[in-house]
Amino acid sequence: MNIFREITRLADYCVEKGITDERDRIYSINRALEACGEDGYEDMPEYHDGCNDVEAILDDIREWAVESGRVENDSIDLLDLFDTRVMAAFVKTPSEFEREFWKRYETSPESATLSYYDFARNSNYIRVKRVEKDIRWSLDTEYGPIDMTINLSKPEKDPRAIAKAKLIKDSFYPKCLICKENEGYSGRLNHPARGSHRMVSLRLADEDWFMQYSPYVYYNEHCIVLKAEHEPMRVTEKTFRRLLDFNRMFPHYFIGSNADLPIVGGSILTHDHFQGGNYEFPMARAEEQNCVMLKDHDVEACTLFWPMSVIRLKGRSIEELVEVSGIILSRWKHYSDESVGVISHTNSESHNTVTPITRFRNGLYEVDIVLRNNRTDDDHPFGIFHSAESHHHIKRENIGLIEAMGLAVLPARLKKEMALVRDHILANDIEGLFRDDELEKHGHFALKLMEEYAINKENADNIIYEEIGKVFLSVLKDAGVFKGDNDGREAFRRCCEAMYEGL
């Protein structure tokens, strides 16, 4: 493998894609040589072949790194650190990148974000081929289609890297995976490389924030909007101001926040952040019901026909929507209805919060307020309004923002486990499945499939994935604070009356 050939091809690619200016070609090549531990270079014009596959070029560089001993073995973790250092040599500085973003923004917000998204993909910050490995399908339900994914884009940790990472001294820099200090960070075995990562600075609610794209891309143009300071998640009236300010700047994007309490919150509660993007989630298409105009505000309030309990507000004025949303949030935090298990506080511990989502659609701003409660009891140690234990074999993790909107992000383990479950079913070997420590948790799921379907090689996978979707739908219903039965609907009606009173 000739490293000079690959660096030549990479330089051509980066100039063509606008990742590097032509004026910076030699400078960037020299930085790439440094990353490769090389002190010489020979331009190879015969390899100016116009390759448009950056991952193919980087795969060749990864192969060279192992063959030449620049990386000690073929661990994915080590090679990711290495190829990001090489790629980072060609990526524009944050200031230059941001100037170009805002120049495009003057043309339109859409052109600015699309160019930014392409930049993230072309620079291999988003590893497109890994994301494409995710398993995706749709499930038809009484609420409309919901989106299903098994997330395979995060590679499994290599045991060699795990062992080596234990020898690394703990570091508190960056403080978390989304801090602004990740921009350009070279990474380490216990923290991903972010050398090609670029952000855009924003002002939301008169505060400093940044926008970036998620390297794992659960949906189209999946962006993360993070506070400049490392501060914990906290949903307040100001949250709605920040979200709607973002919609005013980027009206083609939705944006939302995870809830701010354990069990019902997201995976990173230590840093205040939102997630957005150019995507219509199933919840956005949900049927609106029980719509009323609030008498003292130019705001319409509806509930949604959806597995979780959602209040939707619609209006033209951001100021009025922020005010009404803040009042509903404050009232919900202290709202209880013991007849359906909703209790706002246990002593001084607060249980009620919300998952807020905003968008601009049909000339109006919309605020979706998903009501959440994280209370536990002896019968529900993982959460009363959380995935039931009978569903943990499919989904045990928190139901955060993305899933509340109807996009399942299921663990990678399911791909392997469900293939094995299928094999046991086809072999009529359920006893063997129950004896397997890894698969035993799926035993009752497999029995149900065998009882309800005539499964064969041709239909097995479709049936299994359809039933996985049904389990996820049940998990969403588990997370709903007001259920879809008569008692739940009546309780939700009483709640809305209390939320809207005097508005």
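## Contacts and overall fold

Take the contacts between residues at least 6 apart in sequence: 65% of them join residues at least 24 apart. Bear in mind that this is a predicted model.

As for secondary structure, the protein comes to 16 helices and 15 strands. Its radius of gyration is 25 Å, close to the 23 Å that the globule rule gives for 503 residues, so the protein is as compact as a globular protein of that length. If you lay the C-alpha trace along its principal axes, it spans about 75 × 60 × 45 Å.

## Inside the protein

How much of the protein is buried? Buried residues account for 55% of the 503 residues. In soluble globular proteins, nonpolar side chains tend to be buried together.

Here, the largest nonpolar core has 64 residues, and the members touching the most others are Leu10, Phe90, Ile126, Leu202, Met211, Val225 and Phe246. Helix 1, spanning residues 3-16, gives the most to this core, with seven residues. There's also a second, separate core of 51 residues, with Met148, Leu433, Ile464 and Tyr465 among them.

## A look at Ile126

Which residues does Ile126 contact, once you set aside its neighbours within four places in sequence? The list runs Tyr117, Ala120, Arg121, Val131, Tyr213, Ser214, Pro215 and Val217.

## Surface and charge

On the outside, the accessible surface comes to about 22500 Å², and 47% of that belongs to carbon and sulfur atoms. The protein carries 64 positive and 90 negative charges, and the mean positions of the two sets are 2 Å apart.

Technical notes
Residues are numbered from 1 along each chain as its sequence is written. This is a predicted model: local features need pLDDT of at least 70, side-chain atom pairs count only at pLDDT 80 or more; totals for chains, interfaces and linings use all residues. Side-chain values use heavy atoms; hydrogens and water are left out. A nonpolar core is a set of buried Ala, Val, Leu, Ile, Met, Phe, Trp, Tyr and Cys residues joined through side-chain atoms within 4.5 Å. Buried means under 20% relative accessible area, exposed over 50%, partly exposed in between (1.4 Å probe, protein chains only). Helices (H or I, at least four residues) and strands (E, at least two) are DSSP runs, numbered from the N terminus. Contact means heavy atoms within 4.5 Å. The radius of gyration is taken over C-alpha atoms; the globule rule is 2.2 Å times the number of residues to the power 0.38. Accessible areas come from the Shrake-Rupley method with a 1.4 Å probe; for residues, only the protein chains shown count as cover. Lys and Arg count as positive and Asp and Glu as negative; His and the chain ends are not counted. The place of a charge is taken as NZ of Lys, CZ of Arg, CG of Asp or CD of Glu.
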